[in-house]
Amino acid sequence: AGVSDDEDFTDRLYITISKLFYPLYSLVIENQTQFVNDVERLLIEADETEATEIFLSARLGIGVVLGWLSGIFTAILTTPTLLDVLSFYNAPESTALWVGISITTSVISALLLVLFNIVVMGFFGGTTMILISVQRLKSKSKRRKNEIDMLLADVVSFAYCQSVGGMNRLD
């Protein structure tokens with residue numbers, strides 16, 4: 001009722017990513033109690049109702065997935081060049097055995113480098129997404145604090161005027 005299919009799909013995807021990456025969150029972030037407590041405080045200050053664990057595990061998951069995708073994209077672009085650099089089968093004294101060994105080692109080396117690239121990019125993606133999300137929370141929290149500080153004096157004055165004037169807030 002009132003929620004579009006896109007929002008419903010986005011919410012389900014967000015929760016699914018959060019659930020899938022919760023074990024990684026538990027392994028990597030949950031032990032950092034000071035950081036988790038700081039994020040929880042920022043969520044409260046920014047008036048976000050999301051649980052800290054869901055917030056962090058979803059952001060970690062989104063960052064890791066984006067990192068993997070950029071790692072795969074980088075691997076697709078660099079693997080052909082990498083295979084050319086690693087292969088020595090064009091040498092004039094190449095024998096069939098040497099060519100077979102050279103191709104096998106080139107392919108294994110390229111696959112290991114691609115896998116390493118994907119893992120490193122996933123790590124950097126997850127870390128970057130967490131840090132960016134925390135910075136956005138800090139910014140939102142600061143804006144909310146400034147707004148409250150700006151309006152609080154007027155609200156207190158209004159309430160004081162009502163009480164001195166003998167009015168209650170329902171009048």
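This passage describes the helices, the nonpolar core, the salt bridges and a surface patch of a predicted model.

The chain contains five helices and zero strands, and its elements follow the order α-α-α-α-α along the sequence. Of the 171 residues, 24% are buried. The exposed area of the chain is about 12,200 Å², of which carbon and sulfur atoms supply 67%. Among contacts between residues at least 6 apart in sequence, 75% join residues at least 24 apart.

The largest nonpolar core comprises 16 residues, and I29, V39, L56 and L137 have the most contacts inside it. Helices α3 (33-45), α4 and α5 (96-164) each supply at least two residues of this core. In soluble globular proteins, nonpolar side chains tend to be buried together. When neighbours within four places in sequence are left aside, L137 is in contact with V39, L42, L43, A46, E48 and F55. V39 thus appears both among the core residues with the most contacts and among the contacts of L137.

A search of the whole structure finds four salt bridges. One of them joins E48, a contact of L137, to K140, with the side chains meeting at 2.3 Å from N to O. This pair links distant parts of the chain, as E48 lies in the loop between α3 and α4 whereas K140 belongs to helix α5, 92 residues apart. Both partners count as partly exposed, E48 at 30% relative accessibility and K140 at 32%.

Two further salt bridges are each formed within a helix. In helix α1 (residues 5-20), D8 and R12 are separated by about one helical turn because they stand four residues apart; their side chains meet in a salt bridge of 2.6 Å, N to O. D8 is partly exposed, with a relative accessible area of 34%, and R12 is likewise partly exposed, at 45%. In helix α3, E45 and R41 are also four residues apart, about one turn of the helix, and the closest N and O atoms of their salt bridge are 3.0 Å apart. The relative accessibility of E45 is 31%, which places this residue in the partly exposed class, and R41 is partly exposed at 39%.

Nonpolar side chains also contribute to the surface. V65, L66, W68, L69, I72 and I76 make a nonpolar surface patch of about 540 Å². One of these residues, L69, is found in helix α4 (residues 52-86), a helix that also supplies at least two residues of the largest nonpolar core.

Key:
Residues numbered from 1 in each chain as written. Predicted model: local features only at pLDDT ≥ 70, side-chain atom pairs only at ≥ 80, totals over all residues. Heavy atoms only, no water. Patch = residues over 30% accessible without salt bridge, like charges linked within 9 Å, V, L, I, M, F, W, Y side chains within 5 Å. Areas by Shrake-Rupley, 256 points an atom, 1.4 Å probe, with all protein chains shown as cover. Buried < 20%, exposed > 50% of the residue type's maximum accessible area, 1.4 Å probe, protein only. Contact = heavy atoms within 4.5 Å. Core = buried A, V, L, I, M, F, W, Y, C linked by side-chain atoms within 4.5 Å.
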